[in-house]
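Thanks for coming. I will go through one structure today, starting with a single residue and ending with the chain as a whole.

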Amino acid sequence: MAAFLWALLGIAAGACIAIQAPINALLGRGLGMPVAAACVSFLSGALILAIVVLATSSFEGRAPDWRGPAFWLYVAGGALGTVYVTTAIFLTPRIGAAAVMAFAVSGQLLAGILLDRIGFLGMAVRELSVGRIAGAMLLVVGALMIRLY
């Protein structure tokens with residue numbers, strides 16, 4: 001049952017990303033600059049998350065250890081998110097939300113397979129298999145079909 005709920009949560013998160021792309025694209029058109037829309041998206045998200053951190057810290061009776069992680073960890077996730085959000089804002093009006101999501105998921109899967117294979121940042125190593133490679137290729141072909149047909 002828990003696996004089913006985790007899958008539903010993942011699907012809901014993916015749906016949020018798909019819905020976010022056209023919203024941010026419209027914001028980008030309204031602002032006249034896709035990068036400005038990405039900035040607003042990140043600022044509003046950061047504000048909401050700051051409120052959530054404060055609320056959960058109060059509820060749990062503990063605060064984050066802001067001195068614990070290496071500095072680059074503070075920047076890396078935001079930098080990678082900036083590339084994704086700005087690219088999605090730029091591409092969505094040009095190729096459509098479905099194609100943007102298909103290519104994004106394809107990129108996520110291909111990168112995920114590579115990260116699993118090398119054990120990136122201490123993750124468990126997962127070997128390549130025919131099934132993993134075939135699944136990735138099918139996803140890439142599916143993304144191309146969504147875009148081209």
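**One serine, one helix pair**

The side chain of Ser-41 makes a polar contact with the side chain of Gln-20, at 3.3 Å; a polar contact is a pair of N or O atoms within 3.5 Å, where within protein one must be able to donate a hydrogen and the other to accept it, and residues adjacent in sequence count only if both atoms are side-chain atoms.

This is a predicted model, in which local features need pLDDT of at least 70 and side-chain atom pairs count only at pLDDT 80 or more, while totals for chains, interfaces and linings use all residues. Residues are numbered from 1 along each chain as its sequence is written, and side-chain values use heavy atoms, leaving out hydrogens and water.

Is Ser-41 buried or exposed? It counts as buried, because its relative accessibility is 14%; buried means under 20% relative accessible area, exposed over 50%, partly exposed in between, with a 1.4 Å probe and protein chains only. Setting aside neighbours within four places in sequence, Ser-41 is in contact (heavy atoms within 4.5 Å) with Gln-20, Asn-24 and Val-85.

Now the helix pair. Helix α4 covers residues 97–118 and helix α5 residues 130–148, and their axes are 8 Å apart. Helices (H or I, at least four residues) and strands (E, at least two) are DSSP runs, numbered from the N terminus. Residues meeting across this pair include Phe-103 in α4 and Leu-139 in α5.

Finally, the chain: it has five helices and zero strands. Buried residues make up 17% of its 149 residues.

Definitions and conventions. Axes fitted to C-alpha atoms, helices over the stretch in contact; angles between N-to-C directions.
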